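Trainee: I would be grateful for a close look at the aromatic side chains of this protein. Please set them in the context of the annotated domains.

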Amino acid sequence: MSVWIGIDLGTQSVRAMAVAGDGQVLGTAGRPLTSHRDGPRHEQDPEQWWRELAAATREALRDVPPEQVAGVAVAATSGTILLTGPDGRALTPALMYDDRRADAGRANEAGARVWERLGYRRMQPNWALPKLLWLLQDAPAGARLAHQNDFVNRRLVGHEVATDLSNALKTGVDLIEERWPSEVLDVLDVPAELLPEVVRPGTRLGVVCAAAAEETGIPAGTPVIAGTTDGCAAQLGAGATRVGSWNSVLGTTLVLKGVTKELIHDPLGVVYSHRAPDGSWLPGGASSTGAGVLSRDLPGRDLDALSAQAAARPGPPASVTYPLVSRGERFPFDAPGAEGFTLGSPADDVERYAAILLGAAFVERLCFDYLDLLGAPVDGEIILTGGATRSAYWTRLRADVLGRPVTLRENAEPALGMAVLAGGDPDRMIRTRAVVDPSGADLTEPYLRFVTELEGRGWLDPAAARHARERTAR
């Protein structure tokens, strides 16, 4: 029986999972990570990544026979980078995915045409290329760029490794030609020798060396496979890998990721695509709405009890809340001035709770309407993951709003996605917990009223609002 190791190297922790070919989790372990924050700066110690990763894999593999381990892959946070020396040791702290100390102006000025061709309009200050330019101001000779998982992959194999196209996206890699855009990087004075080779996720990078085996418990000679970002890893873990299928992750915020044959171009720049291991595309977007509003508006309340009470009341919620925790929306429209609002007057906390859930579901539907407007196929399986799936009421409400069955998985962790990418069979390793059908409740009128309100406030583009109405009529 073969066993694959998936590792999710995140912000607050690193998690390792040993998964058998039939999806059975044979071992799992996590270790906390610490950060240093100072205003717009957010740093971590890369050596801590390695120490805690090694501790997690040793524990996860404690009961796994070494001869069964068939591969390992590592996911990491998107946009986290550092500089290393020729020996792979860190020369700088890691600038984390949300570090905003850099200015993206030079990167956008030099690469505007390339970025537009790749399906997005501009880079943000927290993207990796602006941060790389900031690091290069004081870079020593011989320094090399490393993304978060590059650093630990090099330690695993004992020599230089390629980076994957997914983690390199925010560093400006040309995903169409699968190379660094020298015409842009030369203008920005980024030395070619600073950059690692780029390969697709799923490419073999090497094998675990003896020194790494001693520290991690991963048998020497185990293939090390190029991983991906944590968001793409979660999508793989959810099994949203066929064209037209989508993974909708609803927790503190809402994130959608799907699969298309062709690259999607979004004139608003709220949707951009990663490259899949097979060469297809993984478009997605992240909303600022979600369950984060619940802890703000209903502090200390038992959400499970509110969910049960909402489910016991007849009919759909009478009010709807646009659930923004803070000012500004990112997807399905770009509106820095957007603020939360409520249509209707909830009579009690149960109605306030239901109104928030309904608003998040309406935003989710509007995301699919916008993706359909862009030409993305949205007729495949919709797989729900994230903390919101713990509420049966919310799950049914989302199915009602979408007017389609939704799928729940037994396990959709990024670490599972990396075990699949390391060589496992997704059809056997990814297990379905339930398929939830819509109840037949008609929510057309409140949804269109919600769309009209967003348009009237000047946040939702009229073309997107019109398409949402037309698609609803169909």
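Mentor: The UniProt record, an unreviewed entry, annotates residues 249-423 as "domain: Carbohydrate kinase FGGY C-terminal". In this predicted model, that span is 34% helix and 18% strand, with 24 Å between its end C-alpha atoms. The same kind of annotation, "domain: Carbohydrate kinase FGGY N-terminal", is given in the unreviewed entry for residues 3-237. Here the composition is 29% helix and 27% strand, and the end C-alpha atoms are 16 Å apart.

Turning to the rings, the model contains 14 aromatic pairs. One of them joins Trp115 and Tyr120: the ring centres are 6.1 Å apart and the planes meet at 15°, under the 30 degrees required, so this pair counts as stacked. Trp115 and Tyr120 are both buried. Phe362 and Tyr447 form another pair, with centres separated by 5.4 Å; because their planes stand at 65°, over the limit of 60, the arrangement is edge-to-face. This contact connects distant parts of the chain, since Phe362 belongs to helix α11 (residues 349-373) and Tyr447 to helix α15 (residues 444-456), 85 residues apart. Phe362 and Tyr447 are likewise both buried.

The latter two residues also belong to a cluster linked by ring pairs, which comprises Tyr322, Phe333, Phe341, Phe362, Tyr447, Phe450 and Trp459. Tyr447 has a charged partner as well: the charged end of Arg365 sits over the Tyr447 ring, 4.2 Å from its centre. A further arrangement of this kind involves Arg101, whose charged end sits over the ring of Trp134 at 4.6 Å from the ring centre.

Key
Residues numbered from 1 in each chain as written. Predicted model: local features only at pLDDT ≥ 70, side-chain atom pairs only at ≥ 80, totals over all residues. Heavy atoms only, no water. UniProt positions renumbered as here; feature names shortened; annotations may be inferred. Helix = DSSP H or I, 4+ residues; strand = E, 2+ residues; numbered from the N terminus. Phe/Tyr/Trp six-rings, centres within 6.5 Å; stacked < 30°, edge-to-face > 60°. Buried < 20%, exposed > 50% of the residue type's maximum accessible area, 1.4 Å probe, protein only. Lys NZ or Arg CZ within 6 Å of the ring centre and 35° of its normal.
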